[in-house]
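Trainee: Before we discuss this chain, may I see its sequence and structure?

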Amino acid sequence: MTGSHIPGVDVGPYPIRAGNRVVPLVGGERAFRRICQAVESAKHSVSVTIAFLTPDFEFPDGRGHLFDVLDRAAARGLDVRAIFWRSPEAYAFEKGGHFLGTEDDHRDLARRGARFQARWDRLDKTYCHHQKSWLVDAGRPGEVAFVGGINLNNGSVTAHPFPKRAIGHTQDVYCELAGPAATDVHHNFVQRWNLASERAMPLGAWPSPERVDDLGPPHKESPVAGDVTVQLTRTVRRGFYDDDSAPPGGRRFAVSGGEQGVLQQYLAAIDAAREGVYFENQIFAQPDVFGRVEAALARGVRVVAVVPGTPSFLVKLARRSPEGAAVFDALAALGRSDGFTLAGLAATRAPGEYEDVYVHTKVAIVDDAWATIGSTNLANRSFFGDTELNASFWHPETARSFRNELLSAHHGADLSQHSFASALDAFAARARENASQRASGRPLQGFGFALDAARWGEDDGS
């Protein structure tokens, strides 16, 4: 395995699998266009796990709402299934944002004559079934899977590279994969579907619990589709469900004991880094990760973390909490290292006026050899509480191309001829220059600007 200095993990049911095709899809417009193309070409089935969905969401190119895309596939005779997250507590707190499956929602599905099947799944309190995966033609020829973190709202349907006036844009990523690793996306969906917590409740399934059946597990690994090595990792909350089924070629794993494979993979990759680590994540506030980043910096590894310049309310709440003080003190300490850069993304709207690009991405790249793409934020909630799914891959050509696509766009110039470390250094230098430009009201070059790690998450948005 090329990049073998970065280990996989033995946590969870999914092994390292060779022989895959992997295509990072940067930007919601590109990702959703490709997903819709796959659904429109499907011959047998479409399966999707959904966390957030807004009523006004529209796929690009006039394809309509999620339900339009699913119903068109079901009308062609395909087996079409969707798992929705349900949390009345979170729905009330966030004033919407996901498809709760209320009586009114079911009446709306009936009025539109919805043809797809659905089940609802919930966790305790406001923890989220945060996985966002698609699987087309599961276990059949032409099978393709998508793993990532892009929400189904209109703010996420943005182009990349974004235009100079990136008003209302969200930075986000999906990963398309085909090959044996798609078997694990299949297994995860079957496990979630068959054990969805609300499946037997009157409003827990569409069209009704009696008319929605369970799925059989995948029986064999999907055939080789490329030369990329991939491992799927998850977060599953302790006690959520009792299932130790193994995917073909995988391991039996008692999920009821909890699963923290994504965290373990992040820590293993940071520990193995020799040259550089690039994070791009909506939330960057996790003590285990910070400890490993500190050790990497001491080894001379460069580290760049691109985050929202104006962070989410979850970051601000964490910063104000008693237990959050130590986490943000640790972030401030990282910021004092010459090898560490915390940066946001913004466009120049007019002289002295800037528009932040909201970073919703959940990715990391190490040494131009390994990368991970998924739904997992760098936060305790995502590593221990929410349900998450990431695809990690070992393949220098793909990892380097992915890094160049992200960093060159953020930097504002092509960095493809740079080594990983020099590309990180070039971006960090440009981000510092842009921070000075922004402070003096001058236009930015590229989009990245340095943030003060000691103040990120304060109420003034700095």
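**Burial, compactness and one helix**

Mentor: Of the chain's 462 residues, 60% count as buried, meaning under 20% relative accessible area with a 1.4 Å probe and protein chains only as cover. This is a predicted model, in which local features need pLDDT of at least 70, side-chain atom pairs count only at pLDDT 80 or more, and totals for chains, interfaces and linings use all residues. Residues are numbered from 1 along each chain as its sequence is written, and side-chain values use heavy atoms, with hydrogens and water left out.

Trainee: How many helices and strands does the chain have, and what is its radius of gyration?

Mentor: Helices (H or I, at least four residues) and strands (E, at least two) are DSSP runs numbered from the N terminus, and the chain has 12 helices and 21 strands. The globule rule, 2.2 Å times the number of residues to the power 0.38, gives 23 Å for 462 residues, so the chain is as compact as a globular protein of that length, its radius of gyration over C-alpha atoms being 21 Å.

Trainee: How far apart are the end C-alpha atoms of helix α11?

Mentor: The expected span is 1.5 Å times one less than the number of residues. For the 16 residues of α11 (residues 396-411) this gives 22 Å, which agrees with the separation of the end C-alpha atoms, 21 Å.

Trainee: Which residue just after α11 takes a positive phi?

Mentor: Within α11, the buried residues include F402, L406, L407 and H411. Just after the helix, a positive phi of about 95° is taken by G412.

Note on methods:
Buried means under 20% relative accessible area, exposed over 50%, partly exposed in between (1.4 Å probe, protein chains only).
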